[in-house]
Amino acid sequence: MFVRTLIASTLIAAGLAAPAFAGECPADKMKADAVKPVTYGPKGVTDMVLSTIDLSKEKVALSGQTMRVRRLEIQPGGIVPWHSHAERPALIYVVAGEIVENASNCAVPIVHKAGEVARETHATSHWWQNKGSATVTLLSFDIMGDPNDKHM
């Protein structure tokens, strides 16, 4: 990450456009509250929990925290609604297809393609949309505290 930031900073200082690394917001497009929350509900999304681990019983002893893996399938035109990762960090692996992320801290949409991983940290609030003609398949690896949290 340091190298990417250094490259982007150097290019910006030289008056050149910052590169858009695969699956990330270009450094010169990062901005707080760039995208406002939307009220779209889930559309054309299948969300299946594949496995979980109760982290309170592991060496890390994170009481009330669960690590889980989910498979999401988003149909063409489908939407994963606005949600925050303030309490739920995640890594999203794009298995198949191409999907667009609309992140609160990025002034432009971020395109994620098969084989890429999206990082979702405490600073991430966003929604996703499948603008293509093929189903998108994602694997979501997250840590969740609230077992009743129904956010995707």
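Across this predicted model, the chain averages a pLDDT of 86, and 84% of the residues score at least 70. Residues 16-21 fall below a pLDDT of 50, although in the model this stretch has 13 contacts beyond near neighbours in sequence. The secondary structure comes to one helix and eight strands, which follow one another along the sequence in the pattern α-β-β-β-β-β-β-β-β. The points below take up the overall chain, strand S7, the disulfide, the salt bridges and one exposed proline.

**The chain as a whole**

- The chain has 152 residues, and buried residues make up 33% of them.
- Of the contacts in the chain with a separation of 6 or more, 70% are accounted for by residues that lie 24 or more positions apart.
- About 8,800 Å² of the chain is exposed, and carbon and sulfur atoms supply 59% of that area.

**Strand S7 and its partners**

- Strand S7 takes in residues 125-129 and is mostly covered, since five of its five residues are buried.
- From S7, Ser125, Trp127 and Gln129 point one way while His126 and Trp128 point the other way, and the residues of both groups are buried.
- S7 runs antiparallel to strand S2 (residues 66-84), to which it is joined by four bridges, and in this pairing histidine 83 has histidine 126 of S7 as its bridge partner.
- S7 also runs antiparallel to S4, again with four bridges between the two strands, and here the bridge partner of alanine 103 is histidine 126.
- Serine 125, which has its place in strand S7, counts as buried because its relative accessible area of 17% is under the 20% limit.
- Leaving aside residues up to four places away in sequence, serine 125 touches Trp82, His83 and Ser84 as well as Asn102, Ala103 and Ser104.

**The disulfide**

- A search of the whole structure finds one disulfide, and this bond joins cysteine 25 to cysteine 106 with an S to S distance of 2.1 Å.
- The two cysteines come from distant parts of the chain, 81 residues apart: cysteine 25 is in the loop between helix H1 (2-13) and strand S1 (43-54), and cysteine 106 is in the loop between strand S4 (98-103) and strand S5 (110-113).
- The link of cysteine 25 and cysteine 106 is right-handed, with 85 degrees about the S-S bond.
- Cysteine 25 counts as buried because its relative accessibility is 14%, under the 20% limit, and cysteine 106 is also buried, with a relative accessible area of 0%.

**Salt bridges**

- The structure holds six salt bridges, and in general side chains of opposite charge can pair when their charged atoms come close.
- One of them brings together the side chains of arginine 70 and aspartate 142, at 3.7 Å from N to O; this pair links distant parts of the chain, with arginine 70 in strand S2 and aspartate 142 in strand S8, 72 residues apart.
- Both arginine 70 and aspartate 142 are buried.
- Another salt bridge is formed by the side chains of aspartate 54 and lysine 57, at 3.9 Å from N to O; aspartate 54 is partly exposed at 32% relative accessibility, whereas lysine 57 is exposed, with a relative accessible area of 69%.
- The side chains of glutamate 73 and arginine 71 also meet in a salt bridge, at 3.1 Å from N to O; glutamate 73 counts as partly exposed at 24% relative accessibility, and arginine 71 is partly exposed as well, with a relative accessible area of 33%.
- Through salt bridges that share partners, Asp47, Arg68, Arg70, Arg88 and Asp142 are joined into one network.

**Proline 147**

- Proline 147 is found in the segment after strand S8 (136-144), and this proline counts as exposed because its relative accessibility of 60% is over the 50% limit.
- Proline 147 and glutamine 65 are 82 residues apart in sequence, while in space their C-alpha atoms are 8.7 Å apart.

How values were computed:
Residues numbered from 1 in each chain as written. Predicted model: local features only at pLDDT ≥ 70, side-chain atom pairs only at ≥ 80, totals over all residues. Heavy atoms only, no water. pLDDT = per-residue confidence, 0-100. Contact = heavy atoms within 4.5 Å. Buried < 20%, exposed > 50% of the residue type's maximum accessible area, 1.4 Å probe, protein only. Disulfide = S-S within 2.5 Å. Pairing = 2+ DSSP bridges. Salt bridge = Lys/Arg side-chain N within 4 Å of Asp/Glu carboxyl O. Areas by Shrake-Rupley, 256 points an atom, 1.4 Å probe, with all protein chains shown as cover.
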